[in-house]
Amino acid sequence: MKTQSIKEMLAAAAPVFSVEFFPPKTEEGARQILRTAKALQASRPDFVSITYGAGGSTRERTLDYGELLQDIFGYEVMPHLTCVGHSRDELRGILERFRKCGFHNIMTLRGDPPKGETEFKPHPDGLAYASELVAFIRETCPDFCLGVGGYPEKHPEATDMETDLAHLRHKVVQGADFITTQLFFNNADYFRFVGRCRELNIAVPIVPGILPALSHSQLKRFCGFCQATIPEELEERLAAVADDEEASQKVGVDWAFEQIRGLLEGGAPGVHLYILNRSGATVALTERLRAEGLLK
Ligand SMILES: Cc1cc2nc3c(=O)[nH]c(=O)nc-3n(C[C@H](O)[C@H](O)[C@H](O)COP(=O)(O)OP(=O)(O)OC[C@H]3O[C@@H](n4cnc5c(N)ncnc54)[C@H](O)[C@@H]3O)c2cc1C
């Protein structure tokens, strides 16, 4: 039988390959995610994840599109869940729905403050940190396999790396099964982060999250949000082909390929791609990774 728990996938020898979707907001977006889901069947991800919106109707769409990705395309789907704006009762209801949909894994997050707000404020009967959500799920629905986010360059709100790592450790102590990292472009940041985690007895697998850059403007926008450092060389290479979509994608794929090669050769247990609901770069990348024997 196919392995359904990401924890078990990660315990097997071969690198685990996954991609992240986000729920669409428009009709064109809806067509795009379906086209991408179909095209990515060629890339054979071990599982796919789907993000959880900051509020409103996109949250329903995490469930709707999670189910579609599972039922129509046969993917093992990991929905994300955040604490933002939810009471404990609401969270209980969502977990029940995840269970009924047949999901086995959850990416467990605090979430960012909603648009227009600068500080995260928990719901009066809600949860303040991802570690509390992990503990809550462990208590409510203990069978889910749980992932949490990790930040090789530190979470933007954390005062320093050591404090952030102590909080990460707490998520694992509460019951997280694996960590997926925020995107980064320098492998040294990942290996340093993994080294510090191991020193702190954070023993769970740490999966690198990689963004194959599609264009100079997209890279700047995205890294503006998450505060990942863009290497000068990558920025220059993308800026030089800023008007050429195909050439930009090739720069992004080449960079991601070299990054992933280094990560897997250095012992990373797999790779999670931030694909922004696009398939072209991912298909090109996975073909190259398989041709080189880096993915199964
Ligand atoms: C793999 C991945 C997937 C993501 N998917 C989504 C998504 O689907 N939807 C979405 O809205 N966002 C998503 N995000 C973004 C994420 O929600 C933000 O980075 C958010 O700001 C922090 O979430 P967290 O789960 O890391 O929070 P936490 O682990 O709770 O940490 C948040 C901050 O609080 C600090 N902290 C933690 N515990 C304590 C404590 N006990 N006392 C004091 N400080 C503490 C941490 O150091 C950190 O600075 C994702 C991020 C990653 C890495």
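In what order do the strands close into a barrel, and is the pairing parallel or antiparallel? I looked this up before anything else: 8 strands close in the order β1-β2-β3-β4-β5-β6-β7-β8, and the pairing is parallel. I count strands (E, at least two residues) and helices (H or I, at least four) as DSSP runs numbered from the N terminus, and two strands as paired if DSSP finds at least two bridges between them. Neighbouring strands are turned by 30° against each other on average, direction ignored; axes here are lines fitted to C-alpha atoms, for helices over the stretch in contact, with angles from 0 to 180 degrees between N-to-C directions.

A note to self on the model: it is predicted, so local features need pLDDT of at least 70 and side-chain atom pairs count only at pLDDT 80 or more, while totals for chains, interfaces and linings use all residues. Residues are numbered from 1 along each chain as its sequence is written.

**Strand β1.** I checked its pairings next. β1 joins strand β8 (residues 270-274) over 5 parallel bridges, with Val16 opposite Gly270. On β2 it has 4 parallel bridges, and Glu20 has Ser49 as its bridge partner there. I then asked about burial (20 or more other C-beta atoms within 10 Å of a residue's own; exposed is 12 or fewer, partly exposed in between; C-beta atoms placed from the backbone). In β1, 6 of 6 residues are buried: Val16, Ser18 and Glu20 on one side, Phe17, Val19 and Phe21 on the other.

**Strands β2 and β3.** I found 3 bridges between β2 (residues 47-50) and β3 (residues 77-82), which run parallel. Val48 stands opposite Val77 in β3. Helix α3 (residues 57-71) packs on the sheet, touching β1, β2 and β3, and its direction makes about 170° with that of β3.

**Core.** Which residues have the most contacts inside the largest nonpolar core? They are Val48, Leu69, Val77, Ile106, Leu133, Ile210 and Val271, in a core of 76 residues. Such a core is a set of buried Ala, Val, Leu, Ile, Met, Phe, Trp, Tyr and Cys residues joined through C-beta atoms within 7 Å. Helix α10 (residues 245-265) gives the most to this core, with 6 residues.

**Ligand.** I listed 23 residues around the ligand, of which Thr51, His80, Arg110, Ala130 and Gly149 come nearest; near means a C-beta atom, placed from the backbone, within 6 Å. Helix α6 gives the most to this shell, with 3 residues.

How values were computed:
Contact = placed C-beta atoms within 7 Å.
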